[in-house]
Amino acid sequence: MQNLETAPMDLSYDYALDRDCTTLSRHVLQQLQSFGSEAQDLSAIMSRIALAAKIIARRLSRAGLVEGALGFTGDINVQGEAVKKMDLFANEVFIAVFKQSGLVCQLASEEMEKPYYIPENCPVGRYTLLYDPIDGSSNVDINLNVGSIFSIRQQVGNDPEQTGLDLLQSGHRQLASGYVLYGPSTVLVYSIGTGVHTFTLDPSLGEFILSAENIQIPAHGSVYSVNEGNFWQCDEAIRDFIRYVHRHEGYTARYSGALVGDIHRILLQGGVFLYPGTLKQPEGKLRLLYESAPLAFLIEQAGGSASTGLEPLMSVVPTHLHQRTPLIIGSKDDVALAVSFIQEKVRMDEDRLMVNS
Ligand code: P6P
């Protein structure tokens, strides 16, 4: 059989079969170079996430035709945000695909005040899934891209009080993370600590098929992604960074209102995404455990970086489940530039304090 590494772009039957047979579950085992129980578990978890993604993608693709798929439920979630019907549907999908899987002890989501606890799955050593079922749900009713974000952690001990306290760990404790981008095609991007890989849903097969391996984010990119409507709400250091990219050639603004789409662009083309603290939300808007930390894990695996502006995002240990965090994430050089404006201001404030003391 041809060596696929060296063969020219060959859409022969053999190549097509090889490509179509590199499914997500097989890829996880290849990445872990193991058929042991933990590798099988993680492979099975990724397959359940893929199943959830397919069910959500199907609903999104027909949302305009399905009674009750669009619009708001009328409820307010634990974040104080109006709940979209698609948020609720997607949250239920993740619960349904994992409830009978025997793999996951707890499911923690943006849509649930407390984790969904599955006691029969909780002998120590099972897993926890933290997820944002639909990120960017304001885009659902206008048919723009949305995403799902997930993070897989080891379940540590039992938490019969369902407080979620055992989930309050830094991003370094993640075993795997990724996102699904529901766009013109449905793409699942994941890392299990051995690089970043993308799978594209082939509707004719009903399978996610490997489309790119070991993605590396460029060290620099022209894109900066921030909601400039918050300009006067942001700290002076962030305003100075935005003024810098306004005044220097080679920068372009891209902001979709859906984190996953903005991050996917930056993963592939380079650049920096910022959601800093604002006067109204000094801790920022994005949640740490099931939005920022999974994306930080993945972007660092691709050679990028993620910061709160004051410390590496992956180092933050939350004090509560739905903790928010400022987020600056993307190409190493671009994150470093944005963070340098914040650190310069911290230095100036410290110097001013010393002079005045
Ligand atoms: P804003 C969507 O609600 C979300 O959580 C992210 O997907 C997105 O990046 C951000 O909020 C957009 O927030 O305040 O710019 O509308």
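# A guided reading of the predicted model

Phe 94 touches Ala 52, Ile 56, Leu 107, Leu 129, Tyr 131, Pro 133 and Ser 148, leaving aside residues up to four places away in sequence. The structure in which these contacts are found is a predicted model. Phe 94 itself belongs to helix α4, which covers residues 85–99. With a relative accessibility of 1%, Phe 94 counts as buried, because buried means under 20% relative accessible area. Another residue that may be located from here is Ile 55: 39 residues separate Phe 94 and Ile 55 in sequence, and their C-alpha atoms are 9.5 Å apart in space.

The view may now be widened to the whole chain. The protein chain is divided into domain 1, residues 16–212, and domain 2, residues 223–356. Between the C-alpha centres of domain 1 and domain 2 there is a distance of 25 Å. The two domains also meet: 46 residues of domain 1 are in contact with 31 residues of domain 2.

A pair of residues distant in sequence can be followed next. Leu 165 is found in the loop between β6 and β7, the latter being residues 174–182. Its relative accessible area is 57%, and Leu 165 is therefore exposed. Thr 319 lies 154 residues from Leu 165 along the chain, and the C-alpha atoms of the two are separated by 8.4 Å.

Two other loop residues deserve attention for their backbone angles. Most residues other than glycine have a negative phi. Gln 33, although not a glycine, has a positive phi of about 45°. Gln 33 is placed in the loop between α2 (24–32) and α3 (37–61), and at 75% relative accessibility this residue counts as exposed. Asn 143 also has a positive phi, near 55°, and is a residue other than glycine. The loop that holds Asn 143 runs between β5 (127–135) and β6 (146–154). Asn 143 is exposed, with a relative accessible area of 68%.

The loop between β14 (305–307) and β15 (327–330) holds Gln 323. Is this residue buried or exposed? Gln 323 is buried, with a relative accessible area of 14%. Its contacts, not counting residues up to four places away in sequence, are with Leu 286, Arg 287, Leu 288, Val 316 and Pro 318.

Strand β11, residues 223–225, includes Ser 225. The relative accessible area of Ser 225 is 1%, and the residue is buried. A polar atom of the Ser 225 side chain lies 2.7 Å from the backbone oxygen of Arg 254. When residues up to four places away in sequence are not counted, Ser 225 touches Arg 254, Tyr 255, Asp 262, Ile 266, Val 272, Phe 273 and Leu 274.

Asp 262 and Ile 266, two of these partners, are also among the buried residues of α6. Helix α6 spans residues 259–269, and 8 of its 11 residues are buried, so the helix is largely enclosed by the rest of the structure. The buried residues in α6 are Leu 259, Val 260, Gly 261, Asp 262, Ile 263, His 264, Ile 266 and Leu 267. Just after α6, Gly 270 takes a positive phi of about 90°.

The last stage of the reading concerns the ligand. Which residues are closest to the ligand? The ligand is surrounded by 13 residues, and the closest are Asp 135, Asn 227, Tyr 255, Leu 259 and Tyr 275. By class, the residues of this shell divide into 6 nonpolar, 3 polar and 4 charged. Tyr 255, already met as a contact of Ser 225, places a polar side-chain atom 2.5 Å from an oxygen atom of the ligand. Leu 259, one of the buried residues of α6, has a polar backbone atom 2.8 Å from an oxygen atom of the ligand. For Tyr 275, a polar side-chain atom is 2.6 Å from an oxygen atom of the ligand. Taken alone the ligand exposes 400 Å², of which the protein buries 81%.

Methods
Residues numbered from 1 in each chain as written. Predicted model: local features only at pLDDT ≥ 70, side-chain atom pairs only at ≥ 80, totals over all residues. Heavy atoms only, no water. Near = heavy atom within 4 Å. Polar contact = N/O pair within 3.5 Å; in protein donor to acceptor, adjacent residues only side chain to side chain. Areas by Shrake-Rupley, 256 points an atom, 1.4 Å probe, with all protein chains shown as cover. Nonpolar A, V, L, I, M, F, W, Y, C, P; charged D, E, K, R; others polar. Helix = DSSP H or I, 4+ residues; strand = E, 2+ residues; numbered from the N terminus. Buried < 20%, exposed > 50% of the residue type's maximum accessible area, 1.4 Å probe, protein only. Contact = heavy atoms within 4.5 Å. Domains from an automatic or database assignment.
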